[in-house]
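Let's take a walk through this structure together. Keep the sequence and the 3D view side by side as you read.

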Amino acid sequence: MQCRWQRLGSRARSSRGLVLIGLVLLTLGFDARVGAEATEAPNARALLEDFKTTVELSHIYDPRWVELKYAEVGRVYGLLDRHPVDTTAVRAGRWSDPSTWSTGSPPGPDTTAWIPAGLRVEVDTVLPTAGPKLVRVDGVLTFTTSRNTRLGVGTIVVTHLGGLEVGSSDRRVAPDASAEIVFTRPPERDRRIDPMDLTGGLLVTGRLELFGALKQGVALPHGDLREGMSHVRFERMPTGWVVGDRLLAPGVNEDRAEDEVVRIAAIDPSTQSIELDRPLAYDHQGPRQGLVPLGNLSRNVVLRSVAPQDVSRRGHVMIVHRQGGVEVDSVRFEEVGRTRADAAATRPKLDATGKLVPGSDSNTIGRYMLHFHNRIGARRSEFQRVAHSVFEGGPRHG
């Protein structure tokens with residue numbers, strides 16, 4: 001709204017009266033729009049126009065970037081028109097509370113749920129994996145941080161009006177709790193509804209905050225990792241490591257794969273050491289002592305796919321033309337991403353009638369484990385941040 005007021009004011013500086021009238025009319029119009037949103041979701045065109053108005057473009061000099069950016073955001077928002085809303089949040093509250101929803105029950109399988117602007121809905125329990133096919137977030141979707149939670153969903157679209165919060169910088173998901181988002185893409189993709197292969201995953205043009213319990217990602221042992229070793233000592237115990245965590249001892253042999261994944265069986269704080277659930281099968285020694293660390297693969301905030309064996313059914317995570325406001329800390333991305341590294345990446349093409357050109361989407365580019373698809377630059381005042389996180393089992397890098 002601030003951008004709109006500033007623009008209106010700049011056009012009417014010659015008359016304070018005109019500015020005041022403009023502000024009153026704009027305020028009434030905005031209130032009317034919010035009121036309409038409570039019963040009817042704005043369509044893709046209205047969302048895109050609002051996005052154009054609120055995004056700062058002063059530092060963009062190439063108009064081709066602007067045109068491309070709007071086209072790509074428009075494709076994301078276009079998915080919303082092709083998935084009509086059938087369950088709407090009518091009040092702020094818990095996801096599992098029937099009174100939160102217009103239908104009198106939480107969103108079920110194969111539904112499209114909408115959280116309007118101004119409302120905050122909290123995932124408060126472990127929900128069935130078979131969840132809604134799409135959740136549109138114009139308000140805030142958040143997760144309880146004190147106990148186990150899970151949301152099964154086909155696609156989450158967080159518009160520029162909204163935000164997704166799983167913990168925060170000052171209130172992380174508690175170490176004895178967990179939060180999962182499980183992507184449940186259908187077996188068969190609908191190329192008519194989604195020719196660009198966007199559905200299945202998390203698409204964000206708004207805020208994203210994911211904060212698991214703080215977990216030190218890597219730690220150097222006191223001495224080398226040797227074959228047969230089952231106890232590992234550190235100068236100082238790594239932050240957040242607990243019994244049951246999965247650890248990676250990276251292979252150092254050029255001729256064969258010798259990565260080893262073990263678990264922490266016990267921790268002895270008095271000796272700053274851990275016991276592994278089995279002895280190491282290989283040496284993990286660098287050219288000099290103290291070069292090969294142990295990596296911790298466990299996190300209590302997890303984004304994963306329900307059918308990882310079929311790469312085409314995996315979810316993906318894409319931040320679309322967002323200048324800042326994304327923080328990912330101590331999160332695990334598990335077997336997500338669809339773009340493969342073993343084949344040339346392709347760009348879907350549409351013919352003159354808007355239909356997908358056969359074969360142009362055989363390995364769609366940009367559907368990665370985590371993808372910052374950003375052509376509008378970053379802002380120093382509001383950065384993007386990824387820290388202490390794990391990416392495992394993806395078909396290609398993010």
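T149 sits in strand 7, which covers residues 149-153. Keep in mind as you look that this is a predicted model. Is T149 buried or exposed? With a relative accessibility of 2%, T149 is buried, because the cut-off for that label is anything under 20%. Its surroundings come from several stretches of the chain: leaving aside residues up to four places away in sequence, T149 touches V123, D124, T125, V126, F143, T144, S178, A179 and E180. Take E180 from that list: T149 and E180 are 31 residues apart in sequence, but their C-alpha atoms are 6.3 Å apart in space.

D124, one of the residues that T149 touches, leads us on to the charged side chains. D124 belongs to a network of salt bridges that also links R91, R94 and D97. As a reminder, side chains of opposite charge can pair when their charged atoms come close. Across the whole structure, a search finds 23 salt bridges.

One of the salt bridges joins the side chains of R207 and E165, with 3.1 Å from N to O. What does this pair tie together? R207 lies in strand 12 (residues 207-211) and E165 in strand 9 (residues 163-166), so the salt bridge connects parts of the chain that are 42 residues apart in sequence. The two partners can also be described by their accessibility: R207 is partly exposed, at 26% relative accessible area, while E165 is buried, at 12%.

Now find R185 and D197, whose closest N and O atoms are 2.6 Å apart in another salt bridge. Both residues lie in the loop between strand 10 (179-183) and strand 11 (201-204), 12 residues from each other. R185 and D197 are both buried. A further salt bridge brings together the side chains of E258 and R256, at 2.4 Å from N to O. Here E258 is buried, with a relative accessibility of 6%.

Finally, let's return to strands 9 and 12 and see where they belong. Both are part of an open sheet of seven strands, paired in parallel and ordered 2-4-6-9-12-21-24. Which strands lie at the edges? They are strand 2 (93-94) and strand 24 (384-387), each of which pairs on one side only. Strand 12 runs parallel to strand 21 (residues 326-329), and four bridges join the two. To see one of these contacts for yourself, look at F211, whose bridge partner in strand 21 is D329.

Methods. Residues are numbered from 1 along each chain as its sequence is written. This is a predicted model: local features need pLDDT of at least 70, side-chain atom pairs count only at pLDDT 80 or more; totals for chains, interfaces and linings use all residues. Side-chain values use heavy atoms; hydrogens and water are left out. A salt bridge is a side-chain nitrogen of Lys or Arg within 4 Å of a carboxyl oxygen of Asp or Glu. Buried means under 20% relative accessible area, exposed over 50%, partly exposed in between (1.4 Å probe, protein chains only). Contact means heavy atoms within 4.5 Å. Two strands pair if DSSP finds at least two bridges between them.
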